[in-house]
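Here are some notes to read alongside the model, written for someone new to looking at structures. Take the points in order and keep the 3D view open as you go.

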Amino acid sequence: MKATIALLPGDGIGPEVCRAGAEVLAAVGEHYGHSFELREAAIGGAAIDASGSPLPPATEALCRDADAVLLGAVGGPKWSDPQATVRPEQGLLRLRHAMGVFANLRPIVPDRRLSAASPLRSELLEGVDICFVRELTGGIYFGAKRRDSNGASDVCSYSVMEIERVVRLACELALTRKRRLVSVDKANVLETSRLWREITSRIVTEEYPAVHLEHMLVDAAAMYLIQQPARFDVVVTENMFGDILTDEASVITGSLGMLPSASLSAGGPGLYEPIHGSAPDIAGKGIANPYGTILSVALLLRHSLGLEREARAVEVAVSGAIDAGLLTPDLATSNARAVATAQVTAGVVGLVRGEFADRAIA
Ligand code: IPM
Ligand code: MN
């Protein structure tokens, strides 16, 4: 197949992990006979420095016309002055909005081989396989913002349609898994949450009776994620709760650096990014963990290009690379054992191209 993929490296370790993703995409294309055209564009702080805007019009146009978008990370101390009116994060938020990617899938699956890096006891990690569906283009992130000398406010609002579409997507996902859906809200306090709860109940009852639905308050959900992470299957929640809970959930896997994400729209291109940030403290050192981005490439192949076999091949290659001990310092048990981003990437690329990966997925 032919596909155009927009590459947005961004800031900090973004360019390093994006390069890793691009190499894996190229290897998949070559090995399976696809022609992937990768086109790079600026976003975030790098784009502010180059053109004054965190999302230049050319970047937005490229992303809209592409079949999928792979993004590294945005932000960093250079642009984090609280007084600044132009920020790198605006680039990402505007892009999500412009692409209409309303559902952000964040799978949390701890790898047994990395359990030493998890802050939780390994028995708590048994059977943990969660997929978060975070609403991504509404809520307090996008409501009116006001500031005057007496105070400030951020408006949180949700329309019926915005809730319905993300809940439906979460139900569809639940049907392919254990059919258990937890909807997280703060319905004891917030009106938007009361609406969220009402609509979720209606959609599940009327359209997805096979899905078992549980409503959970966000504070309780934060607690259960640590105490009993195995009780969750699919979790659907609004934008900011999802932002916070997925960072919390990610650390139980041992490394934030491992986790991919897919942001899906209704029929348009998807946006794929690791969930870690720009990690300015290790940027440019060549030691960033590229697995989150490489696994985002697998999601891109699966959800935007419909290439399930190729997606599996990338996932199997990642697993093989971990087996081979290719671990960056965030994962390695000692610094002496740690390897660089480039070595991890070369290992994954080798496995994608090699005999072994083919046999493993046959
Ligand atoms: C994320 C990030 C973003 C968010 C920031 C960079 C705006 O934390 O993707 O989770 O809050 O959505
Ligand atoms: Mn976040």
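1. Let's begin with a side chain: is Glu37 buried, partly exposed or exposed? Glu37 is partly exposed, because its relative accessible area is 39%, and the band for that label lies between 20% and 50%. Please keep in mind throughout that this is a predicted model.

2. Now look at the partner of Glu37. Its side chain meets that of Arg39 in a salt bridge, with N and O 2.7 Å apart. Arg39 is partly exposed as well, at a relative accessible area of 37%. Another pair to find is Arg113 and Asp111, whose side chains form a salt bridge with an N to O distance of 2.7 Å. Arg113 has a relative accessible area of 37%, so it counts as partly exposed.

3. A further salt bridge joins Lys186 to Asp219, and here the closest N and O atoms are 3.2 Å apart. This pair links distant parts of the chain, 33 residues apart: Lys186 sits in the loop between β8 (180-185) and α7 (191-207), while Asp219 belongs to helix α8 (residues 218-227). The two ends have unlike surroundings: Lys186 is buried, with a relative accessible area of 19%, whereas Asp219 is partly exposed at 45%. Notice that Lys186 earns its label because buried means under 20%.

4. Salt bridges can also share partners. Arg302, Glu308, Arg312 and Glu315 are joined in this way into one network. In total, the model has 24 salt bridges.

5. Helix α9 (residues 239-251) is a nice place to check a length. Its 13 residues, at 1.5 Å each, should span 18 Å, and the C-alpha atoms at its ends are 19 Å apart, which agrees. If the 18 Å puzzles you, remember that the expected span uses one less than the number of residues.

6. What does α9 pack against? Its buried residues pack against β4 (103-108), β5 (130-135), β8, α7, α8 and β10 (234-237). Among those buried residues are Phe241, Leu245 and Ala249, along with Glu248. The N-terminal end of α9 is capped by Glu238, which places a side-chain oxygen 2.9 Å from the backbone nitrogen of Met240.

7. Next, try Glu273 in strand β12 (residues 270-274). With a relative accessible area of 6%, Glu273 is buried. Its side chain makes a polar contact of 3.3 Å with the side chain of Arg96. Leaving aside residues up to four places away in sequence, Glu273 touches Leu71, Leu92, Arg96, Pro260, Ser261 and Ser296.

8. Leu62 lies in helix α3 (residues 57-65) and is buried, at a relative accessible area of 14%. Beyond residues up to four places away in sequence, Leu62 touches Ala6, Arg39, Glu40 and Ala41. You have met Arg39 already, as the salt-bridge partner of Glu37. For a sense of scale, the C-alpha atoms of Leu62 and Ser255 are 32 Å apart, with their positions 193 residues apart along the chain.

9. Finally, a word on confidence. The protein has an average pLDDT of 95, and 98% of the residues score at least 70. Over residues 357-362, however, pLDDT stays under 50, and the model has 10 contacts for them beyond four places in sequence. Where pLDDT is low, predicted coordinates should not be read in detail.

Technical notes: Residues are numbered from 1 along each chain as its sequence is written. Chains are lettered from A and ligands numbered from 1 in the order in which they are written. This is a predicted model: local features need pLDDT of at least 70, side-chain atom pairs count only at pLDDT 80 or more; totals for chains, interfaces and linings use all residues. Side-chain values use heavy atoms; hydrogens and water are left out. A salt bridge is a side-chain nitrogen of Lys or Arg within 4 Å of a carboxyl oxygen of Asp or Glu. Buried means under 20% relative accessible area, exposed over 50%, partly exposed in between (1.4 Å probe, protein chains only). Helices (H or I, at least four residues) and strands (E, at least two) are DSSP runs, numbered from the N terminus. Contact means heavy atoms within 4.5 Å. A polar contact is a pair of N or O atoms within 3.5 Å; within protein, one must be able to donate a hydrogen and the other to accept it, and residues adjacent in sequence count only if both atoms are side-chain atoms. pLDDT is the predictor's confidence in each residue, from 0 to 100.
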